[in-house]
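Please open the structure in your viewer and keep the selection panel at hand. The stops below say what to select and what is to be found there.

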Amino acid sequence: MAAKRVEISGAGFAGLTAAAAFAQRGWSVRVHERADSLRTAGAGIFIFENGLKVLLAIGAYDEAVRGAHLAPARETRDCAGRLLARHPTSPSQRVVTIVRQQLLESVAQAARRAGAEICLNSEVVGATPQGDLRLADGRTSRADLVIAADGVHSRIRDSLGLLRSRVKLGDGAIRVLLPRRHDDTDRTEEIIEHWSGKRRLLYVPCSQAWLYLALTTVNQDEAGKSLPLDVAAWTQTFPHLRGLIERVGAEGRWDEFEMIRLRRWSSGRVAVMGDAAHAQAPNLGQGGGCAMMSALGLAVAVQQAPDVATALQAWERAERPLIEHTQRVSRLYSTVGRLPEFLRSRVFSLAGRSAWMVSQRMRAANHCPTGAR
């Protein structure tokens, strides 16, 4: 009996995790990536326990975390550098930070080892509920299942009319990856979120070699989001971080945050996942984690259900509530970030001491994904 076939659009974290998980379960897997190489936007990425468990389940863990940074704690500080909240990590609640490209390539290798085919320069323009994948060169491929993991601008999702809402959240980030110097500008091993006015500077060691910075602000802040970075504007906001800010130079890119929700996560034999289905602001560091959880969960659902239609319904029931909770909490975090300085500091300080509020923020991070252990 011929193996069932899944065609996947998009070689990001969702698409490649799905490729590995389906190939490991005996499916014939082909991933279509329109770019000429595997690459990811952004610079660094957070991997919490939920993401680490997915990596372990698909056989990508060792390569993904090799040389990565295991943070001793995450801190929130005000404009003067005063500590507002501190969240120590533990062996059961790890926060690993890593260069995004290393994570992407590790998951791709796991997919290839399992037998998945990854096709570069292969652009997908749409799909039908019957499982026909349409390529830009005019070819069509029929599959038992099509997965749209093609990002916020998903052409498959839009061709099927699944979009319920796509909201610009009013803020964004300049992301940059810098070589570590281990001097006074980047000696700290903690992840630190510095706030001042409407601006935030997120300091994230990714390894002994790399430091990830995310400088976030509202869209109306022309000086704050300008490229190359307006060093004078950001130094005025964070004078105690001058040495760090001056190192950015001409590096970095500006990305606006969005939140996407769908009417349904599937149509016929087509499933939508990752940013195409549930993009969120990166305030909780769970965009990649949610994408990987959803991908592994779909492979498990299809393996356990009698048919694809039943599997897709079961998958959405199981995965959607937690992911949409994470979207809501992340959006709330953005709202708090726009409060006046004194009020925001009080909210962050209170949230850091409230076990219930911490549990809401960490619900996805502490979740054991379907198909993991």
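Begin by selecting phenylalanine 348, which is buried in this predicted model, its relative accessible area being 7%. Add tyrosine 333, which likewise counts as buried, at 14% relative accessibility. The threshold applied to both is a relative accessible area under 20%.

Now display the two rings together. The centres of the rings of tyrosine 333 and phenylalanine 348 lie 5.2 Å apart and the planes are at 35 degrees, so this pair is classed as tilted. Tyrosine 333 belongs to helix H11 (residues 308-337), whereas phenylalanine 348 belongs to helix H12 (residues 341-353); the pair therefore ties together parts that are 15 residues apart in sequence. Extend the selection to Trp195, since ring pairs link Trp195, Tyr333 and Phe348 into a cluster.

How many aromatic pairs does the structure hold? There are six. Another one to select is phenylalanine 22 with tryptophan 27: the ring centres are 5.1 Å apart and the planes stand at 80 degrees, so the arrangement is edge-to-face. An angle over 60 degrees is what that class requires. Phenylalanine 22 is buried, with a relative accessible area of 1%, and tryptophan 27 counts as buried at 13%.

For a contact between a charge and a ring, select arginine 199 and tryptophan 234. The charged end of arginine 199 sits over the ring of tryptophan 234, at 5.2 Å from the ring centre.

The next stop concerns helix packing. Two packed helices are described by the angle between their axes and the distance between the axes. Select helix H1 (residues 13-24) and helix H2 (residues 49-58), whose axes are 10 Å apart and which pack at an angle of about 40 degrees. H1 and H2 are therefore oblique to each other, and H1 passes H2 in a left-handed crossing. To see the interface, show Thr17, Ala20, Ala21 and Gln24 in H1, which meet Val54, Ala57 and Ile58 in H2.

Keep H1 and replace H2 by helix H4 (residues 100-113). The axes of H1 and H4 come within 7 Å and cross at roughly 25 degrees, which makes H1 roughly parallel to H4. Here too H1 makes a left-handed crossing, in this case past H4. Among the H1 residues that meet H4 are Phe13, Leu16 and Ala19; the H4 residues in this interface include Arg100, Leu103 and Val107.

Move on to tyrosine 61 in helix H3 (residues 61-65). Is tyrosine 61 buried or partly exposed? At 22% relative accessibility, tyrosine 61 counts as partly exposed, because buried requires a value under 20%. Beyond the neighbours within four places in sequence, tyrosine 61 is in contact with Leu52, Leu55, Leu56 and Arg94. A distance drawn between the C-alpha atoms of tyrosine 61 and glycine 51, ten residues apart along the chain, gives 9.5 Å.

The tour ends with two backbone features. Select leucine 227 and proline 228: the peptide bond joining them is cis, with omega near -5 degrees. Proline 228 is placed in the loop between helix H6 (222-225) and helix H7 (231-237). Finally, select asparagine 121, in the loop between strand S8 (117-119) and strand S9 (124-127). Although asparagine 121 is not a glycine, its phi is positive, at about 55 degrees. Asparagine 121 is exposed, with a relative accessible area of 57%.

Definitions and conventions:
Residues numbered from 1 in each chain as written. Predicted model: local features only at pLDDT ≥ 70, side-chain atom pairs only at ≥ 80, totals over all residues. Heavy atoms only, no water. Phe/Tyr/Trp six-rings, centres within 6.5 Å; stacked < 30°, edge-to-face > 60°. Buried < 20%, exposed > 50% of the residue type's maximum accessible area, 1.4 Å probe, protein only. Helix = DSSP H or I, 4+ residues; strand = E, 2+ residues; numbered from the N terminus. Lys NZ or Arg CZ within 6 Å of the ring centre and 35° of its normal. Axes fitted to C-alpha atoms, helices over the stretch in contact; angles between N-to-C directions. Parallel < 35°, antiparallel > 145°, perpendicular 65-115°, else oblique. Left-handed = near helix turned anticlockwise from the far one by under 90°. Contact = heavy atoms within 4.5 Å.
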